[in-house]
Amino acid sequence: MPQVETMLAAVCTAYGPPETLVLARLPVPQPRSGQVRIRIHAATASAADRRIRAMDMPPGFRLAGRLAFGWRRPRQPVLGGDFSGVIDAVGAGVTGFRPGDEVVGMTGMRMGSHAQFCCLHPEGRVLAKPANLSHEAAVAALFGGTAALDFLRRADLQEGERILIVGASGAVGSAAVQWASQAGAHVTAVCSGRNAAWVAPLGATRLIDRTRHTWPDPEDVFDVVLDATGTLDWARVRPWLQPEGRFLALAGGLLDVLRAPWVAATSRQRIIAGPAREHIPDMQLLMQATADGTFTPHIDAIYPLGRIRDAHRHVDSGHKRGSVIVTP
């Protein structure tokens, strides 16, 4: 088989709307020592991709975002933080993986999965894909699932506690509903009425239609409030919390991060903010649970890479349900 020299990739040419994304032919990356090359079959167009493309960072983080990702445009122009695909080549010294292995993984700050190929060091980022999962289902579990597991663990959510999940129909929120329910918590899910029919079976004991009701009720008090949307702040959430309540600000701003130590020092309440951490054990748990049906990632839409702008417009709308998938 002749070696492929170029690949199709979605390139972000500047910070801005989806129109800043263009399709381009780039050289196929060659794996360096210790790296594997993956032929990508599916990736997500996530809220994180949208934030980087638009440089729409949480309050207080725009300067940090430009320093981290590039001042005028992304220094890594190919976005995409997760993937499912097949190992195509391995560099010197790689053990445990070989060409032909079906794998899933997360690229982290390196990004690069909105393309036909990517290279990375597999340690801590790549694992085998269960044979009974499609590439689309496997990758849909990763972004929302890892963030939900990380924050719920940091909150030390306990059986019998009450949790309010805002943005329950997104990739992170729908994962949080499922894992909180499996932990034995009483889940109140906030989403639009059109999403209630599929959010309820995920494990919500109560649903609030954010378009019709003021929420929560004045008498409602929770042990944990998880905001997957970035629309809440500490002043609004604090009255809803028990004396030892925890606010999980998954898309919180700099003020949440700076305020967290003061809140912890002056009360029994806590703010948990900052980026989600990605752990291989969480990824393994997500793959196993998805394969055996105890966790169900929702796929809202699948776009070919040639429609990357449409995929980002879908995410920009703020109405996606679960994950939006891109297939290079």
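Which helices each supply at least two residues of the lining of the largest cavity? I opened this predicted model with that point in mind, and I found that helix 4 and helix 5 are the ones that do so.

**Entry: the cavities**

I looked up the enclosed spaces and noted two cavities of 30 Å³ or more. The largest cavity has a volume of about 50 Å³, and I listed its lining as Ala140, Ala141, Gly144, Gly145, Ala171, Ser174, Ala175, Phe295, Pro297, His298, Gly322 and Ser323. Helix 5 accounts for the largest share of that lining, with three residues. When I sorted the lining of the largest cavity by class, I got six nonpolar residues, six polar residues and no charged ones.

The second largest cavity holds about 40 Å³ of space, and I found it lined by Thr44, Ala45, Ser46, Phe143, Ala171, Lys320, Gly322, Ser323 and Val324. By class, I recorded four nonpolar, four polar and one charged residues for the lining of this second largest cavity.

**Entry: Ser174**

I turned next to Ser174, which is placed in helix 5 and is among the residues that line the largest cavity. Is Ser174 buried or exposed? I count Ser174 as buried because its relative accessibility is 4%, where the cut-off for buried is under 20%. Its side chain reaches the backbone oxygen of Ala171 at 3.4 Å, and, neighbours within four places in sequence left aside, I find Ser174 in contact with Ala168, Trp198, Leu202 and Gly322.

**Entry: Thr290**

I then looked up Thr290, which lies in helix 9, residues 280–292. With a relative accessibility of 9%, Thr290 therefore counts as buried. I noted that a polar atom of the Thr290 side chain lies 2.6 Å from the backbone oxygen of Leu286. Setting aside neighbours within four places in sequence, I see Thr290 in contact with Leu133, Ala137, Ala141, Phe295 and Pro297; Ala141, Phe295 and Pro297 also appear in the lining of the largest cavity.

**Entry: the nonpolar cores**

The largest nonpolar core has 42 residues, and I noted Ile163, Ile165, Leu248 and Met287 as the members that touch the most others. Several elements each supply at least two residues of this core, among them strand 5 (102–106), strand 8 (162–166), strand 11 (222–227) and helix 9. Helix 4 gives the most to this core, with seven residues. For Leu248, neighbours within four places in sequence left out, I listed contacts with Phe151, Leu152, Ala155, Val224, Val225, Leu226, Asp227 and Ile272. I also recorded a second, separate core of 19 residues, which includes Ala10, Met57, Leu79 and Ala301.

**Entry: Val237**

I checked Val237 in helix 7, residues 234–237, and its relative accessibility of 0% is why I count Val237 as buried. Beyond its neighbours within four places in sequence, Val237 is in contact with Val225, Leu232 and Phe247. The C-alpha atoms of Val237 and Val224 are separated by 9.9 Å, and I noted that these residues are 13 apart along the chain.

**Entry: the second largest pocket**

Lastly I looked up the second largest pocket, which has a volume of about 270 Å³. Of its 16 lining residues, I find Pro29, Gln76, Arg110, Cys118 and Cys119 closest to the centre. Which strand gives the most to the lining of the second largest pocket? I found that strand 6, residues 117–120, does so with four residues, and by class I recorded nine nonpolar, five polar and two charged residues in the lining of this pocket.

Definitions and conventions
Residues numbered from 1 in each chain as written. Predicted model: local features only at pLDDT ≥ 70, side-chain atom pairs only at ≥ 80, totals over all residues. Heavy atoms only, no water. Buried < 20%, exposed > 50% of the residue type's maximum accessible area, 1.4 Å probe, protein only. Polar contact = N/O pair within 3.5 Å; in protein donor to acceptor, adjacent residues only side chain to side chain. Contact = heavy atoms within 4.5 Å. Core = buried A, V, L, I, M, F, W, Y, C linked by side-chain atoms within 4.5 Å. 1 Å grid on protein atoms, 1.4 Å probe; cavity = no way out; pocket = protein on both sides within 12 Å on 5 of 7 lines; lining within 4 Å. Points joined across faces, edges and corners; volume = space filled by probe spheres on them. Nonpolar A, V, L, I, M, F, W, Y, C, P; charged D, E, K, R; others polar.
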